[in-house]
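Please look through the structure shown below with its sequence alongside, and follow the explanation from one part to the next.

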Amino acid sequence: MNTPTELKYAASHEWLSSDGTVGISDFAQDQLGDVVYVELPEVGREVKAGETVAVVESVKTASDIYAPASGTITAVNEELSGTPELVNSGPYEGGWLFKMDVTEEGDLMDADAYASANS
């Protein structure tokens with residue numbers, strides 16, 4: 001399992017970078033299988049940590065994506081509308097979901113704690 005140490009992780013498998021970028025973990029994309037559709041939040045939406053903000057659909061299931069922090073959505077990854085499989089091929093690079101202006105982090109773990117919780 002690839003778990004970059006510079007990111008923080010929610011128990012629900014979302015990651016948050018220091019610049020407010022959010023995606024799902026390598027572990028999560030592996031569990032989902034082939035991603036076929038991503039429903040992203042609206043830019044400008046105010047969210048609270050733990051709130052459902054997006055949906056990722058795979059050949060296996062549809063999964064809610066939760067905000068790992070409170071704040072405002074500032075951008076979404078438009079590339080995912082045509083190539084949702086980027087979530088599988090690069091969950092920490094091209095497969096990011098959205099960016100947010102963080103006002104308060106939720107209950108997040110460092111990489112070691114997240115890896116331990118999911119091993």
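In this predicted model, the charged end of Lys-99 sits over the ring of Trp-96, at 5.1 Å from the centre of that ring.

Rings also meet one another here, and the count of aromatic pairs comes to two. One of them is formed by Tyr-9 and Tyr-114, whose rings are stacked, with 4.7 Å from centre to centre and 15 degrees between the planes. This pair links distant parts of the chain, since Tyr-9 belongs to strand E1 (residues 8–10) and Tyr-114 to helix H3 (residues 111–117), 105 residues apart. Tyr-9 has a relative accessibility of 0% and therefore counts as buried, and Tyr-114, at 0% relative accessibility, counts as buried too. Trp-15 and Tyr-92 form an aromatic pair that is tilted, with 5.8 Å between the centres and 50 degrees between the planes. Because Trp-15 lies in strand E2 while Tyr-92 lies in the loop between helix H2 (86–89) and strand E9 (98–105), this pair ties together parts that are 77 residues apart in sequence. Trp-15 counts as buried at 3% relative accessibility, and Tyr-92 counts as buried at 13%.

Strand E2 (14–16) leads into a loop that runs to strand E3 (21–24), and Ser-17 has its place in that loop. Ser-17 is buried, because its relative accessible area of 15% is under the 20% that sets the limit for buried residues. The side chain of Ser-17 is joined to that of Asp-19 by a polar contact of 2.3 Å.

How are the strands ordered in the open sheet? Seven strands form it, in the order E5-E8-E9-E3-E2-E1-E10, and their pairing is antiparallel. Strand E5 (46–47) and strand E10 (108–109) stand at the edges with a single partner strand each, so one side of each is left without a neighbour in the sheet. The partner of E5 is strand E8 (residues 69–76), which runs antiparallel to E5 and is joined to it by two bridges; within E8, Thr-72 is the bridge partner of Glu-46.

Another antiparallel pairing brings together strand E6 (residues 52–58) and strand E7 (residues 62–66), which are joined by five bridges. A hairpin of three residues leads from E6 to E7, and Thr-52 has Tyr-66 as its bridge partner in E7.

Finally, an unreviewed UniProt entry lists residues 19–101 as "domain: Lipoyl-binding". In the model, the end C-alpha atoms of this span lie 8 Å apart, and the span is 13% helix and 42% strand.

Conventions
Residues numbered from 1 in each chain as written. Predicted model: local features only at pLDDT ≥ 70, side-chain atom pairs only at ≥ 80, totals over all residues. Heavy atoms only, no water. UniProt positions renumbered as here; feature names shortened; annotations may be inferred. Helix = DSSP H or I, 4+ residues; strand = E, 2+ residues; numbered from the N terminus. Pairing = 2+ DSSP bridges. Buried < 20%, exposed > 50% of the residue type's maximum accessible area, 1.4 Å probe, protein only. Polar contact = N/O pair within 3.5 Å; in protein donor to acceptor, adjacent residues only side chain to side chain. Phe/Tyr/Trp six-rings, centres within 6.5 Å; stacked < 30°, edge-to-face > 60°. Lys NZ or Arg CZ within 6 Å of the ring centre and 35° of its normal.
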